[in-house]
Structure formats: structure tokens, C-alpha cells
Amino acid sequence: TFVWEPNRHPPLAVLARAHRVTGGRRYAVAVADQLRSWLDQCPFGMGMNWRSPLELAVRLINWVWVIDLVRDSGVFDGDLWRRLMESAYLHGWDVARKYSRGSSANNHLVGELAGVFVGASYFAQWPGASAMRDRAGRMLCEEIFRQSHADGGGAEQGFGYHGFVLQFYIVAGLVGRLKGWEFPAEYWARVEKMLELSGKLC
């Protein structure tokens with residue numbers, strides 16, 4: 001937890017939202033400074049931050065939100081932007097080539113698929129982005145039924161995991177809708193069942 005959680009970069013999303021709400025450029029500068037520091041200290045393939053595909057996927061989703069919220073501030077200069085785009089691609093590429101299998105093909109796989117789908121949808125300039133997005137989207141459509149029951153309950157039988165994967169299904173679905181890759185009605189119907197069950201359990 002001490003390694004994974006901070007390196008998913010949720011604090012950067014908080015700073016990015018502060019910039020968008022207040023217009024305060026200092027928040028965007030802080031985002032750029034922290035991303036630059038992370039890129040300096042965490043080169044591709046080196047250290048714990050490149051070990052778990054799920055962690056790469058969650059970080060990639062957060063990067064998409066952060067970049068979208070602060071890009072208008074002008075803090076991403078040419079060199080930082082180049083490095084960030086290169087690292088974002090390596091995140092997606094690395095996850096897509098080693099999706100979790102076996103006993104890890106549960107919430108880990110759902111998060112990995114969502115990360116690749118969101119990243120490849122947003123960064124359409126990636127080499128092979130369309131293929132990466134399409135494959136991840138198709139697999140999400142399969143996993144939502146493999147990993148949940150008709151009543152919306154999760155196959156892992158854990159409420160924490162239920163909420164964890166549900167957010168990935170929703171995020172991927174909304175990004176797909178925004179970017180012109182619509183998930184089928186059956187997918188959204190199962191999401192609704194999962195949401196209904198969440199309401200009953202809360």
C-alpha cells in the first residue's frame with residue numbers, strides 16, 4: 001500500500017481538479033512538477049512502479065484525467081509533454097501485452113482492461129491504439145458477465161471488489177461513449193444491476 005497507492009497518482013487528480021475549478025495556475029504547475037519528478041525517478045521497467053499491470057492501468061487512467069484537466073494551462077512544455085506521452089504509451093503497451101491470467105484474472109484483469117481502453121481511447125495517436133482499444137473493449141464486455149452474476153453480485157464475493165470493478169466498468173463505458181465506442185445495452189444493463197446491488201448493501 002505504501003508503494004502502490006501514492007504511485008497511482010490520485011493526489012494529482014485533486015490538484016488538477018483544483019486548477020479546473022479555481023483557474024489557479026499554481027495547481028497545474030504542481031502537477032507538472034510532480035509528473036516530471038516521477039518520470040525522472042521511475043524510468044520504464046525499473047523498480048516497483050512497473051511491476052504490477054494493474055497499478056500501471058490505474059495510474060494511466062488518473063493521468064488521462066489529470067492531463068485533460070490541466071492541459072489548457074500550458075504547463076506541459078515540449079520536453080515534458082514528449083516524455084509524458086512516451087511513458088503513457090509504455091504504460092498501455094506493457095499492460096496490453098501481459099493481461100492477468102489464472103488466479104489473477106479477476107479484479108486485476110478488469111482494471112487492466114479499463115486502463116488500456118481509456119488510455120488508447122484518449123491517446124489515439126499511439127501506435128496500434130485502435131486495436132488496443134477494440135481488444136480491451138471486447139474483453140471488458142466478456143469479463144463483466146464472467147465476473148458478475150445476473151443479480152449484479154460479483155463473482156469474487158467481496159463488496160470491496162464489487163465497488164472496485166464497478167468503477168472500472170463505468171469509467172470505460174463513459175469514455176467509450178465520449179469517444180464513439182459504445183458498449184452494448186447488455187453491458188449497461190449489468191452495470192445497472194451492479195449499481196442496484198450496491199444500493200441494497202450500503
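This section describes the nonpolar core, two of the helices, and the pocket and cavity of a predicted model.

The largest nonpolar core contains 63 residues, and those touching the most other members are Tyr99, Leu140, Tyr169, Phe183 and Tyr187. Two or more residues of this core are given by each of helix H1 (10-22), helix H2 (25-41), helix H3 (53-70), helix H4 (78-96), helix H5 (107-122), helix H6 (129-146), helix H7 (159-179) and helix H8 (185-201). H3 provides the largest share, 11 residues. The surroundings of one of the most connected members, tyrosine 187, were examined further. When neighbours within four places in sequence are set aside, tyrosine 187 is in contact with Leu140, Cys141, Ile144, Phe145, Tyr169, Ala172 and Gly173. Of these contacts of tyrosine 187, Leu140 and Tyr169 are also listed with Tyr187 among the core residues that touch the most other members.

Helix H3 is mostly covered, with 16 of its 18 residues buried. From its first C-alpha to its last, H3 reaches 26 Å, close to the 26 Å expected at 1.5 Å a residue. Glutamate 55 is found in this helix. This charged residue counts as buried because its relative accessible area is 5%, under the 20% limit. Apart from residues up to four places away in sequence, glutamate 55 touches Trp4 and Arg8.

Helix H1 has 13 residues and an end-to-end C-alpha reach of 19 Å, close to the 18 Å expected at 1.5 Å a residue. Its buried residues are Leu12, Ala13, Leu15, Ala16, Ala18 and His19, and they pack against H2 and H3. An α-helix has 3.6 residues a turn, so residues three or four places apart point the same way. Valine 21 also lies in H1, but this residue counts as exposed because its relative accessibility is 71%, over the 50% limit. Between valine 21 and leucine 69 the C-alpha to C-alpha distance is 9.6 Å, at a separation of 48 residues in sequence. Just after H1, glycine 23 takes a positive phi of about 80 degrees.

Empty space was examined next. Rolling a probe the size of a water molecule over the atoms shows where such space is left. The largest pocket has a volume of about 220 Å³. Its lining consists of Glu5, Arg8, Pro10, Val58, Ile61, Asn62, Trp65, Phe164, Gln167, Phe168 and Val171. At least two residues of this lining come from each of H3 and H7. By class, the pocket lining divides into 7 nonpolar, 2 polar and 2 charged residues. Arg8, one of the lining residues, is also touched by the buried glutamate 55.

The structure holds 1 cavity of 30 Å³ or more. About 80 Å³ of space lies in the largest cavity, which is lined by Gln147, Gly154, Ala155, Glu156, Gln157, Gly158, Tyr161, His162, Val165 and Met194. H7 gives the most to this lining, with 3 residues. The cavity lining has 4 nonpolar, 5 polar and 1 charged residues. H7 thus appears in the linings of both the largest pocket and the largest cavity.

Definitions and conventions:
Residues numbered from 1 in each chain as written. Predicted model: local features only at pLDDT ≥ 70, side-chain atom pairs only at ≥ 80, totals over all residues. Heavy atoms only, no water. Core = buried A, V, L, I, M, F, W, Y, C linked by side-chain atoms within 4.5 Å. Buried < 20%, exposed > 50% of the residue type's maximum accessible area, 1.4 Å probe, protein only. Helix = DSSP H or I, 4+ residues; strand = E, 2+ residues; numbered from the N terminus. Contact = heavy atoms within 4.5 Å. 1 Å grid on protein atoms, 1.4 Å probe; cavity = no way out; pocket = protein on both sides within 12 Å on 5 of 7 lines; lining within 4 Å. Points joined across faces, edges and corners; volume = space filled by probe spheres on them. Nonpolar A, V, L, I, M, F, W, Y, C, P; charged D, E, K, R; others polar. Expected span 1.5 Å × (residues − 1).
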